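Open the model in your viewer and keep the selection tool at hand. We will go from stop to stop, picking residues as we go.

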Amino acid sequence: MSFDFDEIIDRVGTHSSKWDTMESKYGVSPKTGIPMWVADMDFRAPPAVQLALVAALDHGVHGYFGDDSEYRAALIGWMKRRHQWDVEPDWIINAHGLGNAISLCLNAYSAPGDGVIVFAPVYHAFARIIEGTDRRLVESPLIQRDGRYHMDLDALATSLTGDEKIVLFCSPHNPGGRVWSSDELQQLADFCETHDLTLISDEVHNDLVYKGNKHHVLANIVPSIRHRLVTLVATTKTFNLAGCMIGSMVVADDALRSRLARVAHGAAGMSFNRIGMLMCTAAWDHGDEWLDALLDYLAENKRILDEAMASIPGVKSMPIEATYLCWVDFADTGMDRAEFTRRVEQQAQIAVNHGNSFGVGGDSFLRFNIACRRALVIEAAKRLKNAFSDLQ
């Protein structure tokens with residue numbers, strides 16, 4: 001089966017966060033601009049997802065959703081096929097997306113005022129959720145070595161105050177695109193054991209890994225950590241289903257899962273989006289071929305943008321091993337953040353995520369979303385070269 005990722009799909013006026021809010025947020029008009037910010041794709045979902053929607057609409061009754069056994073089976077099948085991870089049905093607790101899942105975990109495993117550790121710069125919603133639940137944000141700065149991010153667990157150990165309860169971990173890393181090695185995951189697990197920390201591993205980008213790299217499910221690499229590990233998974237990034245607002249928390253340990261279930265099912269009173277559950281189930285059951293084609297397409301988009309960035313003196317695109325989010329450093333241009341951002345947004349008319357929103361270490365960066373038609377990536381590359389032509 002072939003998939004047309006070059007198809008022009010007009011998303012303006014469809015309540016798209018990516019297209020319909022970029023002018024108010026960035027001053028970039030959807031008529032002339034290129035949205036390369038919020039992490040969703042401009043591609044249609046896999047055909048099986050569309051068929052599931054059609055069947056639901058034909059049926060015409062949209063009452064409360066119950067019996068998620070097919071969804072659980074689809075999740076289990078996908079994780080076994082794609083990640084060699086054996087998940088039991090009763091390990092799965094569902095949530096309204098992974099942002100909601102993180103909030104539930106923080107409420108289950110910590111108290112207001114407790115410290116939550118993140119490795120920064122990192123996905124900006126982490127800080128918002130931590131602070132919104134009245135926890136203390138603890139940023140452990142990532143260090144760059146050979147152009148890639150690495151955790152500095154020794155420095156983190158010396159900075160701990162004793163009230164830290166949770167490590168919120170991004171694997172693969174967003175925005176740096178790192179696929180963490182099995183050794184790094186083992187070291188992190190050992191750190192959590194030593195300091196009695198619950199480890200929440202957000203693995204939402206686990207399928208978006210480029211050839212030559214392999215995502216390691218933390219639960220597989222360090223099974224002994226199960227008594228303090230929660231793994232977060234979803235279809236949202238893989239299949240462009242962010243609007244479904246469905247995600248899952250996988251917890252193998254009975255006691256740990258019981259604490260989380262009490263918050264999710266009791267205090268939060270969960271009930272799920274019928275349409276979203278049907279879409280997610282179809283994607284995991286039938287999305288393999290679509291994903292394989294997508295990864296090849298994204299790899300070429302990545303090459304085009306990286307090549308353009310490499311041609312601009314002082315600009316460095318961090319080599320990403322996963323995700324469709326390119327993390328680009330403008331530090332060596334000699335420009336301040338306001339100036340290089342102005343050139344990208346006002347001159348090139350490209351809306352991007354500002355690096356400082358990702359926390360410590362992000363000030364000189366911008367994040368570019370390449371999950372769009374290739375023609376837009378080529379146009380963006382041309383505009384960026386023109387916007388910084390005085391450096392060449």
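A crossing of two helices is left-handed if the near helix is turned anticlockwise from the far one by less than a right angle, and right-handed if clockwise. Keep that in mind for the first stop. Note also that this is a predicted model.

**Stop 1: two helices side by side**

Select helix 4 (69–83) and helix 12 (274–286). Their axes come within 8 Å and cross at roughly 30°. Angles under 35 degrees count as roughly parallel, so helix 4 is roughly parallel to helix 12. Is the crossing left-handed or right-handed? Helix 4 passes helix 12 in a left-handed crossing.

Now show side chains. On helix 4, pick Glu70, Tyr71, Ala74, Leu75, Trp78, Met79 and Arg81. On helix 12, pick Met277, Cys280, Thr281, Ala283, Trp284 and Asp285. These residues make the contact. Colour them by type: 9 are nonpolar, 1 is polar and 3 are charged.

**Stop 2: the largest pocket**

Select Ala39, Asp40, Leu241, Ala242 and Gly243. Of the 45 residues that line the largest pocket, these lie nearest its centre. The volume of this pocket is about 1,200 Å³. Next, add the elements that give two or more residues to its lining: helix 3 (47–59), helix 5 (97–109), helix 6 (125–132), helix 10 (236–239) and helix 12. Which helix gives the largest share? Helix 5 does, with 4 residues. Colour the whole lining by type and you get 21 nonpolar, 16 polar and 8 charged residues.

**Stop 3: the second largest pocket**

This pocket has a volume of about 300 Å³. Select Arg82, Asp207, Val209, Asn213 and Leu295, the closest to its centre among 16 lining residues. Helix 4 returns here: helix 4 and helix 13 (288–310) each give two or more residues to the lining. The largest share, 6 residues, comes from helix 13. By type, the lining holds 5 nonpolar, 4 polar and 7 charged residues.

**Stop 4: a cavity**

How many cavities of 30 Å³ or more does the structure hold? There is 1. Its volume is about 30 Å³. Select Phe119, Val122, Leu168, Phe169, Cys170, His173 and Trp180 to see its lining. Then highlight strand 7 (residues 164–170), which gives the most to this lining, with 3 residues. Of the lining residues, 6 are nonpolar, 1 is polar and none is charged.

Terms used
Residues are numbered from 1 along each chain as its sequence is written. This is a predicted model: local features need pLDDT of at least 70, side-chain atom pairs count only at pLDDT 80 or more; totals for chains, interfaces and linings use all residues. Side-chain values use heavy atoms; hydrogens and water are left out. On a 1 Å grid over the protein atoms alone, a cavity is a set of points where a 1.4 Å probe fits but cannot get out, and a pocket is an open set with protein on both sides within 12 Å along at least five of seven lines; lining residues have an atom within 4 Å of a point. Grid points are joined across faces, edges and corners, and a volume is the space filled by probe spheres set on the points. Ala, Val, Leu, Ile, Met, Phe, Trp, Tyr, Cys and Pro count as nonpolar, Asp, Glu, Lys and Arg as charged, and the others, Gly among them, as polar. Axes are lines fitted to C-alpha atoms, for helices over the stretch in contact, and angles run from 0 to 180 degrees between N-to-C directions. Angles under 35 degrees count as roughly parallel, over 145 as roughly antiparallel, 65 to 115 as roughly perpendicular and the rest as oblique. Contact means heavy atoms within 4.5 Å.
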